[in-house]
Amino acid sequence: MELNIVCIPGDGIGPEIVAEAKKVLNKVADKYGHEIKFKDILMGGASIDVHGVPLTDEAIADAKAADAVLMGSIGGDTNTSPWYRLSPDKRPEAGLLKIRKALNLFANLRPAYLYEELAAACPLKEEISRAGFDMLIMRELTGGLYFGERKTTTENGVRRAVDTLTYDENEIRRIAIKGFEIARKRRHKVTSVDKANVLDSSRLWRAVVNEVAKDYPDVTVEHMLVDNCAMQLVKDPAQFDVILTENMFGDILSDEASMVTGSIGMLSSASLNDTKFGLYEPSHGSAPDIAGQDIANPIATVLSAAMMLRYSFDLDQEADAVENAVRQVLKDGYRTGDIMSEGCVKVGCKQMGDLLAQRI
Ligand code: NAD
């Protein structure tokens, strides 16, 4: 298979971690007989330095022409970098918002998985973490409260602010379909999270999810109120497979789910549109404090590349090979500084990439 991948190395540790993900992908291509064509584009501070803007139209055109985009991370030290003296629409993060919009990425996926070897970093009680967990939060990314009409007024000297939470059935249906499709690649369970006891938008959400569920009789669906879900994530995270939810609930729950894994350098993510196209990136930022020192953990980016193989290319066997390589490297006792524990061997970013590639 031919894989056309656009890479956005970005800023800070971005170029270092993307280089290691490419190394692992090249090994996958060698082993399984694929041809990968990489093309790098600039975004964020790297693009500001060269073009004066965080993302050019040419870079967007390159991304659109690819099968998938693999990104490192963008942005610098927000206190000291000159990029943050620019107006908000010229700063590094504006590039990210622009590319998400241009590519119509409405579904955000964030897996939260507890590796046995890293269980000590999990902040949950041992009796809970012992069961392990392997869930994926699917968050609607382009609708709801963050995109509804908003205004602040003053009436009779009293200030009033209004935000609007709207969803139409088509927006709900397309993300629900993604959620059920992805559950089919996992353990066939969807937990749809809403606040249907209070909100009309949630009642519509629940009704549409039930309609979509009829087309997926092999997937179990359950509905959970968001307040209960926030509790269940720390009480019994093993119960979850795919958590399907709207924009703001997903924003909060996905951060909670990542926290319970305890290791930011391990968390991948994907943003998808209604084709197979996706943008894949680690959940962490550009870590300017450790950039250029060959000490960043490349695993979140490597796992994002595995998600790309699975969701954009349907190469499940190859994605399994990458995820197994990560498990094996941890079993063999190799750690980057951020996940280091006693008795393990500390390695840098490049060496971690080599060790992962060797295990494909
Ligand atoms: P951050 O995630 O970059 O760093 C937080 C802490 O975690 C730092 O101590 C860092 O050294 C460490 N860390 C992060 N990733 C690591 C890795 N792979 N290996 C080892 N340690 C790692 O968050 P921040 O410091 O708040 O943000 C830094 C910059 O990143 C800012 O400009 C921010 O806007 C940007 N950012 C970008 C994205 C994105 O591109 N999607 C996401 C979040 C933050």
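The questions and answers below concern helix packing and ligand contacts in a predicted model.

Reader: What makes α1 oblique to α10?

Author: The axes of helix α1, residues 14-32, and helix α10, residues 299-311, come within 8 Å and cross at roughly 45 degrees. Angles under 35 degrees count as roughly parallel and those from 65 to 115 as roughly perpendicular, and the crossing at roughly 45 degrees belongs to neither class, which makes α1 oblique to α10. The crossing in which α1 passes α10 is right-handed.

Reader: Which residues of α1 and α10 meet, and how many of the residues in this contact are nonpolar?

Author: From α1 the contact takes in I17, V18, E20, A21, V24, L25 and V28, and from α10 it takes in T301, V302, A305, M308 and L309. Sorted by class, 10 residues of this contact are nonpolar, 1 is polar and 1 is charged.

Reader: Why is α10 called roughly antiparallel to α11?

Author: Helix α10 packs against helix α11, residues 316-331, at an angle of about 165 degrees, and their axes are 7 Å apart. Because angles over 145 degrees count as roughly antiparallel, the value of about 165 degrees makes α10 roughly antiparallel to α11. The crossing of these two helices, α10 and α11, is left-handed.

Reader: Which residues does α10 bring to its contact with α11, and how many charged residues does that contact have?

Author: On the α10 side are I299, V302, L303, A306, L309 and R310, which meet D316, E318, A319, D320, V322, E323 and V326 of α11. The contact of α10 with α11 has 5 charged residues, together with 8 nonpolar and no polar ones.

Reader: How do you know that α6 and α7 are oblique to each other?

Author: Helix α6, residues 169-184, and helix α7, residues 200-213, have axes that come within 9 Å and cross at roughly 50 degrees. Since roughly parallel requires an angle under 35 degrees and roughly perpendicular one from 65 to 115, α6 and α7 are therefore oblique to each other. Their crossing, that of α6 and α7, is right-handed. Among the residues of α6 in the contact are I172, I175 and F180, and among those of α7 are L204, W205 and V208; by class, the contact has 11 nonpolar, no polar and 3 charged residues.

Reader: What makes the approach of D289 to the ligand a polar contact?

Author: A polar side-chain atom of D289 lies 2.9 Å from an oxygen atom of the ligand, and a pair of N or O atoms within 3.5 Å is a polar contact. An N or O atom in the side chain of S73 is 3.1 Å from an oxygen atom of the ligand, whereas N297 places a backbone N or O atom 2.9 Å from a nitrogen atom of the ligand. N297 is also one of the residues that come nearest among the 21 around the ligand, along with G76, E93, G285 and A287.

Note on methods: Residues numbered from 1 in each chain as written. Predicted model: local features only at pLDDT ≥ 70, side-chain atom pairs only at ≥ 80, totals over all residues. Heavy atoms only, no water. Axes fitted to C-alpha atoms, helices over the stretch in contact; angles between N-to-C directions. Helix = DSSP H or I, 4+ residues; strand = E, 2+ residues; numbered from the N terminus. Left-handed = near helix turned anticlockwise from the far one by under 90°. Contact = heavy atoms within 4.5 Å. Nonpolar A, V, L, I, M, F, W, Y, C, P; charged D, E, K, R; others polar. Near = heavy atom within 4 Å. Polar contact = N/O pair within 3.5 Å; in protein donor to acceptor, adjacent residues only side chain to side chain.
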